[in-house]
Amino acid sequence: MNKKVRAVFAQAMTPILCVGETLGERDAGLTEEKVVGQLERAFQGVSAEDAANLVVAYEPIWAIGTGRNALPADAGETIGTIRSTIARVYSAQLADGVRIQYGGSVKPGNIRDFMAHPEIDGALVGGASLDPEEFALIVKYR
């Protein structure tokens, strides 16, 4: 992940760094450990200036295509962990400015609840973006 993040920055583009855990890791209570480790490795050698322009997406592997979704409170808690990790690695000010999205099976039926959570800055829409009508409902959720 680190090589990809730095390569994207080297090409003057904005990387979207996806982090998340498997179902086994979640069930074992390892979500925080897994996500923090992914972030720490991804940020190695990334300047604060570049990190400020990064987008992070919490995309739990177990919620993609399984029919199981994280609850907005669970996603918000993990996104809070992501933000606090960025604050520890860089600064609280930088962490406050980084866009952190949720991306685990976002659909028209759950987008409003996710976007209502104060920690969640946006959504990374996957499969639902392939259906124009479904995607339009997500975009126009308000």
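User: Happy to be looking at this one! What makes D74 and R26 a salt bridge?

Analyst: Welcome! The model is a predicted one, and in it the side chains of D74 and R26 meet with N and O 3.2 Å apart. A salt bridge needs a side-chain nitrogen of Lys or Arg within 4 Å of a carboxyl oxygen of Asp or Glu, so the pair D74 and R26, at 3.2 Å, qualifies.

User: Where in the chain do D74 and R26 sit?

Analyst: They link distant parts of the chain: D74 belongs to helix α5, R26 to helix α2 (residues 23–27), and their positions lie 48 residues apart in the numbering.

User: Why is D74 called partly exposed?

Analyst: Its relative accessibility is 26%. Partly exposed covers the range between buried, under 20%, and exposed, over 50%, so D74 falls in that middle class. R26 is partly exposed too, because its value is 23%.

User: Which other residue does R26 meet in a salt bridge, with N to O at 3.7 Å?

Analyst: That is E21, and 3.7 Å again satisfies the 4 Å limit, so the pair R26 and E21 counts. E21, R26 and D74 are therefore linked in a network of salt bridges.

User: Is E21 buried or exposed?

Analyst: E21 is buried, because its relative accessibility is 0% and the cut-off for buried is under 20%.

User: How do you know that R83 and D121 form a salt bridge?

Analyst: Their closest N and O atoms are 2.8 Å apart, which is within 4 Å, so the definition is met. This pair also links distant parts of the chain: R83 lies in helix α5, while D121 lies in the loop between α7 and β4 (122–123), 38 residues apart. R83 counts as buried because its relative accessibility is 12%, whereas D121, at 32%, is partly exposed.

User: How many salt bridges does the structure hold?

Analyst: Six, among them R26 with E21, D74 with R26 and R83 with D121.

User: Now to the inside. Which residues have the most contacts inside the largest nonpolar core?

Analyst: They are L17, L39, V56, Y58, I82, I86 and Y102, in a core of 34 residues. Elements giving two or more residues to this core include α1 (2–10), β1 (16–19), β2 (55–58) and β3 (99–102). Helix α5 gives the most, with four residues.

User: What is V56 in contact with, leaving aside neighbours within four places in sequence?

Analyst: V56 is in contact with L17, V19, L39, I82, I86, V98, R99, I100 and Q101.

Key: Residues are numbered from 1 along each chain as its sequence is written. This is a predicted model: local features need pLDDT of at least 70, side-chain atom pairs count only at pLDDT 80 or more; totals for chains, interfaces and linings use all residues. Side-chain values use heavy atoms; hydrogens and water are left out. A nonpolar core is a set of buried Ala, Val, Leu, Ile, Met, Phe, Trp, Tyr and Cys residues joined through side-chain atoms within 4.5 Å. Buried means under 20% relative accessible area, exposed over 50%, partly exposed in between (1.4 Å probe, protein chains only). Contact means heavy atoms within 4.5 Å.
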